[in-house]
Amino acid sequence: MPSSSTTDLLTLDARDTHIAARTRRAGYAEQYPHEFTVRAASARGGTTELAKIVNRHGDWTFYDHAAPSGQGLASGYIIDLRAFRAGLIRHMQDGYPLRFGDTLNIDGTGFRWFDIRSFPAKPKLVVARG
């Protein structure tokens with residue numbers, strides 16, 4: 001699978017709220033409409049996006065896809081990272097059945113994909129979509 005175009009946890013501050021932003025290449029929204037990805041492996045050993053989120057960096061993430069034209073955005077989600085962390089905890093401690101997987105890129109980086117439909121209904125993972 002080709003690598004996705006991403007930025008590892010760009011954080012925007014808004015009144016004590018930290019919002020991460022991530023944009024994926026055009027075409028992935030149609031292929032994987034219920035999936036979001038998080039950088040989980042670094043070629044040079046740096047702190048990954050997943051590690052930062054698990055370590056409580058960021059409150060929300062704006063996860064979007066580039067438009068097919070390459071100009072602007074096609075679709076995306078605002079994800080509550082507290083709900084994301086709660087889902088991970090439930091999965092690890094209680095065996096809650098999250099759907100996810102890992103993909104390695106040729107350059108030594110990798111990401112973990114998550115199916116948003118597999119997260120618990122509460123707390124609400126997807127705050128908004130568009």
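Let me start with strand S5, residues 73-80, which is joined to strand S8, residues 126-129, by three bridges, the two strands running antiparallel. I count strands here as DSSP runs of E of at least two residues, just as helices are runs of H or I of at least four, with numbering from the N terminus, and two strands pair if DSSP finds at least two bridges between them. Within this pairing, Ile-78 stands opposite Ala-128 in S8.

Before going on, I should say that this is a predicted model, in which local features need pLDDT of at least 70 and side-chain atom pairs count only at pLDDT 80 or more, while totals for chains, interfaces and linings use all residues. Residues are numbered from 1 along each chain as its sequence is written, and side-chain values use heavy atoms, with hydrogens and water left out.

S5 also pairs with strand S4, residues 60-66, again in the antiparallel sense, and here seven bridges join the two; one of the partnerships is that of Ala-66 with Leu-73 in S5. The hairpin of S4 and S5 has six residues between the strands, and Gly-70 in that hairpin takes a positive phi near 85 degrees.

Now to the other sheet I want to show, which is open, has three strands in the order S3-S7-S6, and is paired antiparallel. Its edge strands are S3, residues 35-41, and S6, residues 100-104, each of which pairs on one side only. The twist averages 25 degrees from one strand to the next, where axes are lines fitted to C-alpha atoms, for helices over the stretch in contact, and angles run from 0 to 180 degrees between N-to-C directions. Finally, S6 and strand S7, residues 110-115, pair over five bridges, with Gly-110 in S7 as the bridge partner of Leu-104.
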